[in-house]
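Student: I have a structure to read and I want reasons, not labels. Can we go through it together?
Tutor: Gladly. Ask about each term as it comes up.

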Amino acid sequence: MSTQLTPSRRSKRYQQLVTPVHPNAWADKSTSWSSEPFYVRPSVPQDYQALAEDENWKPSANMQTVFYRSFTRSTSLRPPSLKGKPRSSRSDASTREAFAIGDTVCVSTGTARYDSIGVITSMWELRADESEGAQANMFIRIHWFQRPIELPRVRPRREHTENEVYFTLDTEAILPPSNVARHCTVTDLPPEENFSRVASSTHSRSVNFRQNDVTLFYCRFALDSRKGLYYDFAWCHHKQRALSESDEEQTSGRSWNVPVESSRQKTTRAQKRSRLKGIIEADESLTRETDTDYEYQKPVDSDDDELPVPATDLGSVPDAHSEALEDDVPKTPSRKRKRTVSTPSKSTPRKSRSNKLAAPTPHSKAAIQKRSNRKIAIVRVPAPDLTREHYKQLHKLPQDAWLRAMHVLHVAARPDILPCRGEEYNRVLRTVEELLEEGSGGCVYISGVPGTGKTATVHAVVRELKRMAENGEMIPFTYVEINGLRIPEPPAAYNLLWETISGHDVSMEGHLKVSSKEALKRLSNHFSAGVRAGPGGHACVVLMDELDQLVTTKQDVVYNFFNWPTLAGSKLVVLAVANTMDLPERVMSGRVRSRLGMTRINFQPYTTPQLQEIVHARLLASKENLPSRHQHDVVTADGVKFASMKVSSISGDARRVLDICRRAVELVHPKGKTAGAEDVMEVIKVMQNSPTAAFLKELSLHERIMLAALVKCMKREGVEEIKWGEVERQHLIYVESLGEGVSTRAPTLGELTFVLDSLLASRAMLMEDGFTAARKPVGERKVILNLEQAEVERILGDVGGPLWRSMFGADA
């Protein structure tokens with residue numbers, strides 16, 4: 001009888017439990033045991049862990065766990081044709097299918113379009129005194145294999161054979177027997193002609209791996225699914241060894257786990273041999289394990305280019321040379337022992353174990369070496385990737401300094417240069433890397449006013465993470481970007497995430513034709529199922545750009561995206577990028593803020609020196625690979641400084657200073673001269689006298705107050721669509737302060753309607769229309785600003801004076 005042990009588990013602090021399975025799901029009337037019990041013991045928490053997830057279920061007193069070796073399940077067979085036969089003549093034909101420990105099976109998890117592959121390692125039921133005669137709860141433990149389609153998309157490139165699977169080191173799940181779909185065969189024999197070699201590319205993700213009628217699979221490697229490391233593995237030998245273990249080992253499922261070489265076991269004995277002397281202790285190998293006076297000798301680190309020692313037996317006799325003491329190493333003196341001349345030990349050798357450590361493959365050895373040598377504390381912005389499209393287009397341009405400068409100064413250009421954002425880059429990179437290494441989920445809220453380099457910095461972080469994952473320097477992951485301005489409605493974000501989580505190949509098969517509600521249902525089932533979702537639960541990084549556009553009235557979209565990372569085993573990392581630092585406090589409810597967490601990174605507006613550095617860095621990049629005779633200074637340092645001072649005093653938007661300098665270069669390009677401060681001043685004057693600026697200056701007082709009221713509501717609510725009733729109330733509040741000296745009389749609702757109609761006619765504001773909107777009360781219909789918000793604030797501040805500028809400054 002085994003002793004009850006306190007269950008050990010990984011820390012799930014700040015994480016919720018997975019959604020429990022209903023207790024009735026574990027009782028299947030079509031399934032019965034086909035063997036006698038071979039092991040009975042008192043129940044331990046691991047046995048009823050799946051039931052304990054339900055708070056309403058409580059374990060019974062004196063409950064016992066009964067283990068079996070096989071079960072059978074009856075499956076109904078539909079007759080070929082029932083047409084024309086009377087109902088009484090129809091018979092329900094059925095067949096019984098047997099499953100035993102060690103059988104490889106296809107498992108339906110309910111969250112993927114394809115079946116997962118696993119091996120049955122144990123099966124049991126729970127018995128209690130009060131449950132006599134009732135249908136017992138039946139459990140099976142599945143140790144997972146993993147298909148290439150279930151691997152992360154961002155990982156080192158690796159070839160595999162068709163229908164190849166990898167045996168996971170210790171990934172398992174407790175499932176009801178009803179989840180088993182059918183038998184399958186897994187072999188470690190070399191591939192035959194019917195197996196074709198497939199590269200680890202995009203095309204291979206849709207080749208036969210989603211067909212549920214495949215029953216023959218090939219396994220030659222074990223896999224650490226979280227770290228992406230492969231180990232040499234003999235499946236048939238491992239299966240025989242696991243089935244030959246004791247009954248107690250088989251009931252726990254530990255016999256199926258694959259022990260691997262750790263980095264601490266990679267000691268280079270060859271380096272020690274050269275420093276050994278010829279006198280050793282005869283009882284050295286026996287006394288070291290129990291002698292408390294023995295001093296531990298730290299293993300000698302191996303060279304960077306040296307591969308780990310091949311796998312050895314755990315219980316083999318230690319080498320006399322490797323156990324000898326070193327000459328020159330000072331140590332605490334131990335008690336006296338009998339010494340003799342160096343001869344092989346005459347003690348009885350220990351019985352060698354058959355369980356050997358699995359050795360990593362050469363590629364995984366190199367990956368382990370890279371990760372151990374990499375120092376996380378030293379983080380720097382990576383060098384520019386000259387293979388990107390931006391640099392390819394730059395090389396195609398003629399050798400004209402002005403054209404090349406206009407190309408790099410365009411706001412749509414995305415060079416890899418990130419000046420003045422090294423600290424923020426390091427924080428984002430370290431935070432995401434730590435979450436991936438821990439195997440836990442989390443949220444990172446990144447805020448800052450527009451034009452402060454938030455998205456560019458996050459994109460640089462993602463490129464670096466991809467590079468490291470593809471080179472084996474860190475844990476592989478899957479990446480998806482969701483931009484609030486590029487989707488038709490906020491719920492469409494569910495579709496993009498589910499396409500990535502499910503392994504759907506958009507380039508080959510197009511977008512999934514599922515509704516947002518169905519995608520939300522599948523995502524909820526996937527993240528709440530935990531380990532029961534199958535072996536494909538790898539890390540996923542989600543970039544939610546323009547988070548302000550995803551905030552709805554119910555806030556259900558942002559809540560779900562912030563809540564899923566808190567679920568145990570989700571491994572979901574969400575990078576939320578927004579333009580407002582206090583958006584969670586002003587807009588989001590308490591339940592959403594609680595899911596967001598405390599990891600927040602704020603991007604401050606650029607200062608004048610920083611804006612100058614950004615412009616000069618881009619201008620320097622435009623001169624790369626340009627002959628010296630074609631290199632010219634297209635903008636003077638005074639011109640760049642003047643533009644930077646003008647922009648930093650207003651918003652600190654890097655995009656605006658780039659636009660000013662680009663227009664100045666464009667202005668002097670026909671003349672072939674260098675743009676100076678006077679050219680920059682002329683460009684700024686033209687931009688201030690734009691058609692939008694001229695239109696805003698000609699508006700009446702109440703039209704300008706209404707636009708200011710709309711901007712105020714947009715900042716307060718954090719969304720662009722505002723109810724007309726809220727704009728009316730804000731307008732009446734602003735009349736007393738902003739109308740001082742001109743008119744402080746509060747307009748009637750009818751007069752406000754005339755003002756709204758005027759702005760709608762000029763397309764400065766838009767109002768929802770259509771049959772659905774017409775049925776709403778007028779105050780419930782939503783309006784939106786059809787002009788650039790920053791320009792509206794700037795022009796209204798210039799026209800209205802200090803009072804208007806202070807009003808916008810207080811709201812910002």
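**Reasons behind the labels**

Tutor: Start with one pairing: Val 107 has Val 180 in E11 as its bridge partner. Keep in mind that this is a predicted model.

Student: What makes E6 and strand E11 a pair?
Tutor: Two strands pair if there are at least two bridges between them. E6 and strand E11 (residues 180-183) have 3 bridges, in the antiparallel sense. Therefore they count as a pair.

Student: Which residue stands opposite Val 107 in E7?
Tutor: Ser 116 does. E6 and strand E7 (residues 116-127) pair over 4 bridges, also in the antiparallel sense.

Student: How do you know that both faces of strand E6 are covered?
Tutor: Look at each side of strand E6 (residues 104-107). Thr 104 and Cys 106 lie on one side, Val 105 and Val 107 on the other, and all are buried.

Student: Why is strand E18 called largely enclosed?
Tutor: Strand E18 spans residues 442-448, and 7 of its 7 residues are buried, so the rest of the structure largely encloses it. One side holds Gly 442, Val 444, Ile 446 and Gly 448. The other holds Cys 443, Tyr 445 and Ser 447.

Student: Which strands does E18 pair with, and in what sense?
Tutor: One is strand E21 (residues 572-578), parallel, over 6 bridges. There, Val 574 is the bridge partner of Cys 443. Another is strand E22 (residues 600-603), parallel, over 4 bridges. In E22, Arg 600 is the bridge partner of Tyr 445.

Student: What holds strands of a sheet together in pairs?
Tutor: Backbone hydrogen bonds pair them, either parallel or antiparallel.

Student: What is the strand order in the open sheet of 3 strands?
Tutor: The order is E23-E25-E24, with antiparallel pairing.

Student: Why are strand E23 and strand E24 said to stand at the edges?
Tutor: Strand E23 (722-723) and strand E24 (765-767) each have a single partner strand, so one side of each lacks a neighbour in the sheet. E23 pairs with strand E25 (residues 782-785) over 2 bridges. The cut-off is at least two bridges, so E23 and E25 qualify. Lys 723 has Lys 782 in E25 as its bridge partner.

Student: What makes helix H9 largely enclosed?
Tutor: Helix H9 covers residues 401-408, and 7 of its 8 residues are buried, so the rest of the structure largely encloses it. Among them are Trp 402, Arg 404 and His 407.

Student: How do you know that Asp 400 caps the N-terminal end of H9?
Tutor: A side-chain oxygen of Asp 400 lies 3.0 Å from the backbone nitrogen of Trp 402. A polar contact needs N or O atoms within 3.5 Å, so this distance fits.

Student: How many aromatic pairs does the structure hold?
Tutor: The structure holds 16.

Student: Why is the pair of Phe 167 and Trp 235 called tilted?
Tutor: The ring centres of Phe 167 and Trp 235 are 5.5 Å apart, and the planes stand at 40 degrees. Rings pair with centres within 6.5 Å; planes under 30 degrees apart are stacked and over 60 edge-to-face. The angle fits neither of those classes, so the pair is tilted. The two residues are 68 apart in the chain, with Phe 167 in strand E10 (residues 164-175) and Trp 235 in helix H2 (residues 235-243).

Student: Are Phe 167 and Trp 235 buried or exposed?
Tutor: Buried means under 20% relative accessible area. Phe 167 has 0%, so it is buried. Trp 235 has 2%, so it is buried as well. Ring pairs link both into a cluster with Phe 145, Phe 233 and Trp 256.

Student: What makes Arg 69 sit over the ring of Phe 38?
Tutor: The charged end of Arg 69 is 3.9 Å from the ring centre of Phe 38. The distance limit is 6 Å, and there is an angle limit of 35 degrees from the ring normal too.

Student: Why does Thr 608 count as buried?
Tutor: Thr 608 has 18% relative accessibility, and the limit is under 20%, so Thr 608 is buried. This residue is in helix H18 (residues 608-622). The side chain of Thr 608 makes a polar contact with the side chain of Ser 648, at 2.7 Å.

Methods. Residues are numbered from 1 along each chain as its sequence is written. This is a predicted model: local features need pLDDT of at least 70, side-chain atom pairs count only at pLDDT 80 or more; totals for chains, interfaces and linings use all residues. Side-chain values use heavy atoms; hydrogens and water are left out. Buried means under 20% relative accessible area, exposed over 50%, partly exposed in between (1.4 Å probe, protein chains only). A polar contact is a pair of N or O atoms within 3.5 Å; within protein, one must be able to donate a hydrogen and the other to accept it, and residues adjacent in sequence count only if both atoms are side-chain atoms. Rings of Phe, Tyr and Trp (its six-membered ring) pair if their centres lie within 6.5 Å; planes under 30 degrees apart count as stacked, over 60 as edge-to-face and the rest as tilted.
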